Amino acid sequence: MRQPAAETVDGDPRILVTGGCGFIGAALIRYLLAQTRACVLNFDALTYAAMPAALNGAAANPRYAFEQGDVADGRHVRDIIARFRPTWICHLAAETHVDRSIDRPADFVHSNVTGTCTMLAAALTYWREQGSRERAHFRFLHVSTDEVFGSVAGEGCVDETSPYAPNSPYAASKASADHFVRAYHQTYGLPALISNGTNTFGPYQFPEKLIPRAILTALAGKPIPVYGDGCQVRDWLHVDDHARALYRILAGGRPGESYAIGSANRWRNRDLVREICHQLDALQPRRDGHSHAAQIAFVDDRPGHDQRYAVDAGKLRRELDWRPANSGTAGLRDTVAWYARPDTAWRDACRARYAGERLGWADMAGCGDGP
Ligand SMILES: NC(=O)c1ccc[n+]([C@@H]2O[C@H](COP(=O)([O-])OP(=O)(O)OC[C@H]3O[C@@H](n4cnc5c(N)ncnc54)[C@H](O)[C@@H]3O)[C@@H](O)[C@H]2O)c1
């Protein structure tokens, strides 16, 4: 681990970000380096989902350092915390794809449950060793999802008071981690907080997820898969808005509290994919003159698929003055344009790790590999 330069440390937070090579973690690090004076240590296992290219601009920054490691490796976690001495920890490292959680739930227990417990235990030991000023200032933010609340009925929204009802192995692992975070605050007094963010979109998302997958399969001239009847509703939050919300929660959130993050930018999946196709028609028209929408293919639904997510972010707005700035149509248009760039290096790197195959369905027998 290269230590970030010492002269920037005094008075400025030192933030340990786990999973910082992932989609949201990298956006958070870009935000921290550009908009704050924080020193950042990125601790990431570099799984298939990691996008180191999302941090190309950070590598030479004296306020940034990277260390490869697994959040479930207690010795390594304790070691980096002791060496880096964070003011705050922002814990994003996780397995995140619902379809993969259906195939391999044990991987999600390892990274999301054991990994979070390992981070909490190391953070607690470190926090207890600090002086009273440092202890009062310390924060541990667990970056979680609104999927822990399950499908939202009717026209309602979830908020911080909603009951937990996870429906996928992914959501169950994040819910479990949330409960441990809460327990560490209640039992030991660790100044821990939880964010429950909704579906996030933007540049550098691994192309197994709906939006980049729709764009890249459309451009490749392949069928664009839409699960079931495509009437599932999602509340889309731009990754830069998500990153800014995380910083607000770290800097001003109340320990022991959770904060729901959403933008009320709600789309049915089928409408969202159609909108993406129309934007691609303008950016890169098909040679035969047809719309990319002709490639949409409705495929068998995901088992246990939640019908509707909708988040009320009123608490974040009222307490921390956060509002989404990029989550509307312009953010979606910029995102589609970003994925449609002729950046073959990025696409090739993703293709080497994921060829676009259907996950979470073909081998339901594989789900027996429990921990
Ligand atoms: N993407 C979303 O729509 C969304 C929405 C709400 C909340 N979240 C949460 O935000 C966090 C980040 O999500 P994302 O979309 O950026 O994820 P991602 O899959 O893009 O990236 C995850 C990162 O974590 C790393 N990682 C995985 N397991 C690890 C381990 N055991 N040790 C260390 N590093 C490990 C990976 O290498 C990768 O860089 C997750 O905790 C996720 O549950 C995501």
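Mentor: Lys and Arg count as positive and Asp and Glu as negative, while His and the chain ends are not counted. A charge is placed at NZ of Lys, CZ of Arg, CG of Asp or CD of Glu. This is a predicted model, in which local features need pLDDT of at least 70 and side-chain atom pairs count only at pLDDT 80 or more, while totals for chains, interfaces and linings use all residues. Residues are numbered from 1 along each chain as its sequence is written, and side-chain values use heavy atoms, without hydrogens and water.

Trainee: How far apart are the mean positions of the positive and negative charges?

Mentor: They lie 3 Å apart, with 42 charges of each sign in the protein.

Trainee: How many helices and strands are there?

Mentor: Both are DSSP runs numbered from the N terminus: helices are H or I with at least four residues, strands E with at least two. The protein has 12 helices and 13 strands.

Trainee: What part of the 371 residues is buried?

Mentor: Buried means under 20% relative accessible area, exposed over 50%, and partly exposed in between (1.4 Å probe, protein chains only). Here 57% of the residues are buried.

Trainee: Which residues of helix 12 are buried?

Mentor: In helix 12, residues 344-353, they are W346, R347 and C350. These three sit on the same side of helix 12 because their arc, taken from the directions from the helix axis to the C-beta atoms, is only 95 degrees. In general, an α-helix has 3.6 residues a turn, so residues three or four places apart point the same way.

Trainee: Which exposed residues are on the face turned away?

Mentor: That face of helix 12 carries A345, R351 and A352.

Trainee: What covers the buried residues of helix 12?

Mentor: The cover includes helix 7 (210-219) and helix 11 (329-339), where contact means heavy atoms within 4.5 Å.
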